[in-house]
Amino acid sequence: MILRDVVVVGGSIAALTAVETLRLEDFDGRITVLSDEELPPYTRVPLSKGVLAGRESADDVVLAPLADEVDLHLRTAATGLDLDARTVHTHGGPIAYDGLVIATGARARRIGTPGQTERVLRSYDDGMRLREDLRRVSSVLVVGGGFLGMEIASTALELGRDVTVVDLAPPLDRLLGTTVGSYVRTVAERAGVRIVVAHGGVRLLGEPIPTGVETSDGRRLEADLVVSAVGDVPNVEWLAGSGVPLSSGVVVDERCRVSPHVVAAGDVAVLATGDGALIRTPSWTNAVEQARFAVRALLHGDEAPEYRPSRYFWTEQFGLDVKMVGPLDPQGEPTVLDGGLDAGSALLAWPDAETPGQVVAVNHHTPPAKLKRMLRGARPTPTAAQ
């Protein structure tokens with residue numbers, strides 16, 4: 001069947017990439033984009049950095065405008081899906097499609113009670129609210145020590161605020177491994193961040209605006225501003241009862257397909273691997289790469305290539321630029337390929353240079369493309385550990 005009407009649901013980088021890929025693949029039919037956002041598709045990367053610090057505005061985060069022939073509907077949420085009728089339902093009425101790209105992303109996970117107005121950072125509006133909050137406070141407590149939580153902490157510290165980070169485990173260990181995680185924490189603590197590990201988790205204190213947390217052992221931590229950065233939740237409620245397979249996201253095959261006429265990409269997609277595992281990779285890089293493969297599968301079916309995530313991640317915090325390729329949480333001591341953490345710049349590999357499963361660059365000049373190639377063959381000669 002030749003597709004003439006493709007509907008893209010979502011306003012994220014995955015949605016924008018899907019539209020761009022449709023045109024690059026010579027699709028000349030109608031494209032309709034449904035987004036519940038106020039802004040056209042924008043990048044979330046600067047939200048915890050430039051936007052929060054006040055250096056960037058909406059003009060800086062909005063991505064390249066969609067072509068004139070793309071029908072963009074802002075403030076238009078999808079409310080349901082009829083696979084048999086090939087129709088997306090909205091409050092403004094049904095929209096028919098020949099091909100559908102699900103790119104509804106995810107929202108911030110919350111741990112507060114219904115009576116609490118919990119501060120999170122996921123959207124541009126979240127960023128603007130937090131930016132205003134930061135102007136009025138002197139202390140900040142960040143719940144969650146992942147990439148986002150530590151980036152928020154870094155920006156708050158840059159703005160001169162007193163900063164505490166609390167997490168279930170030592171921040172960043174489960175992402176970057178203990179070697180690099182410990183190094184970044186040391187840099188953060190030397191800069192003035194207080195880090196608290198609460199193995200049993202925390203509950204938010206105060207209504208309507210939380211002003212602290214209580215740990216499972218009764219410790220209380222207080223601050224003028226409490227921000228939750230505890231993960232995300234895929235936006236799949238609109239797909240309930242539609243027949244789309246759901247398991248903490250939209251389950252897709254190795255070509256990012258739900259069915260021959262429906263694909264999904266980005267933070268909402270869960271990739272079913274050949275060994276039966278289900279993997280969701282909420283990251284900017286995955287959203288871009290997966291959207292390209294999803295569209296090719298939508299247009300070309302089984303002739304399209306299978307999706308193999310590059311598993312590239314990066315974060316900027318406390319003056320550090322950390323880039324990583326490979327599965328998260330590398331185990332054991334790395335092989336030092338260049339430089340050293342003590343010197344402030346390092347290229348590290350696990351388990352060794354000959355068969356690296358993960359590579360991490362800390363303030364190192366190696367570009368992302370080269371890091372990705374290192375897992376496929378070309379690797380520098382290791383230097384002595386420092």
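How many of the 12 residues of α5 are buried? I looked at this and a few other spots for you; please keep in mind that the model is predicted.

1. **Helix α5.** To take the opening question straight away: α5 is mostly covered, with 10 of its 12 residues buried. The buried set is made up of F147, G149, M150, E151, I152, A153, S154, T155, A156 and L157. The helix covers residues 147-158, and its length checks out too: at 1.5 Å a residue it should span 16 Å, and because its end C-alpha atoms are 16 Å apart, the two values agree. After α5 comes G160, a residue with a positive phi, near 90°.

2. **Q290 in helix α7.** If you scroll along to helix α7 (residues 284-300), you will find Q290 there. Is Q290 buried or exposed? Q290 counts as buried because its relative accessibility is 2%, and the cut-off for buried is under 20%. Leaving aside residues up to four places away in sequence, Q290 touches V252, C256, A264, A265, G266, A269 and Y307. Please keep Y307 in mind for the ring pairs below.

3. **Aromatic pairs, beginning with W284 and W314.** The structure holds 4 aromatic pairs. One of them is formed by W284 and W314, edge-to-face, with 6.0 Å from centre to centre and 85° between the planes. This pair links distant parts of the chain, since W284 belongs to helix α7 and W314 to strand β22 (residues 312-317), 30 residues apart. Both partners are partly exposed: W284 has a relative accessible area of 36%, and W314 has a relative accessibility of 25%.

4. **F293 and Y307.** The ring centres of F293 and Y307 are 5.2 Å apart and the planes stand at 55°, so this pair is tilted. Here, too, distant parts of the chain are linked: F293 is in helix α7, while Y307 is in the loop between α7 and β22, 14 residues apart. Y307, which also touches Q290, counts as buried because its relative accessibility is 1%. F293 has a further neighbour worth a look in your viewer: R296 lies over the face of its ring, at 5.6 Å from the ring centre.

5. **A ring cluster.** Which residues do ring pairs link into a cluster? They are W284, Y312 and W314. Two of these names will be familiar from the edge-to-face pair of W284 and W314.

6. **G99 in strand β7.** Strand β7 (residues 99-102) holds G99. With a relative accessibility of 0%, G99 counts as buried. Its contacts, again without residues up to four places away in sequence, are L3, D5, V6, V7, H261 and L298. For G99 and G249, which are 150 residues apart along the chain, the C-alpha atoms are separated by 19 Å.

7. **A sheet of 4 strands.** Finally, have a look at the open sheet with the order β11-β10-β9-β15, whose 4 strands pair in parallel. Its edge strands, β11 (194-197) and β15 (225-228), each pair on one side only. Neighbouring strands in this sheet are turned against each other by 20° on average, direction ignored. For a close-up, take strand β9 (residues 139-143), which pairs with β15 in the parallel sense over 4 bridges. V143 has S228 in β15 as its bridge partner.

Methods: Residues are numbered from 1 along each chain as its sequence is written. This is a predicted model: local features need pLDDT of at least 70, side-chain atom pairs count only at pLDDT 80 or more; totals for chains, interfaces and linings use all residues. Side-chain values use heavy atoms; hydrogens and water are left out. Helices (H or I, at least four residues) and strands (E, at least two) are DSSP runs, numbered from the N terminus. Buried means under 20% relative accessible area, exposed over 50%, partly exposed in between (1.4 Å probe, protein chains only). Contact means heavy atoms within 4.5 Å. The expected span of a helix is 1.5 Å times one less than its number of residues. Rings of Phe, Tyr and Trp (its six-membered ring) pair if their centres lie within 6.5 Å; planes under 30 degrees apart count as stacked, over 60 as edge-to-face and the rest as tilted. A charge sits over a ring if NZ of Lys or CZ of Arg is within 6 Å of the ring centre and within 35 degrees of the ring normal. Two strands pair if DSSP finds at least two bridges between them. Axes are lines fitted to C-alpha atoms, for helices over the stretch in contact, and angles run from 0 to 180 degrees between N-to-C directions.
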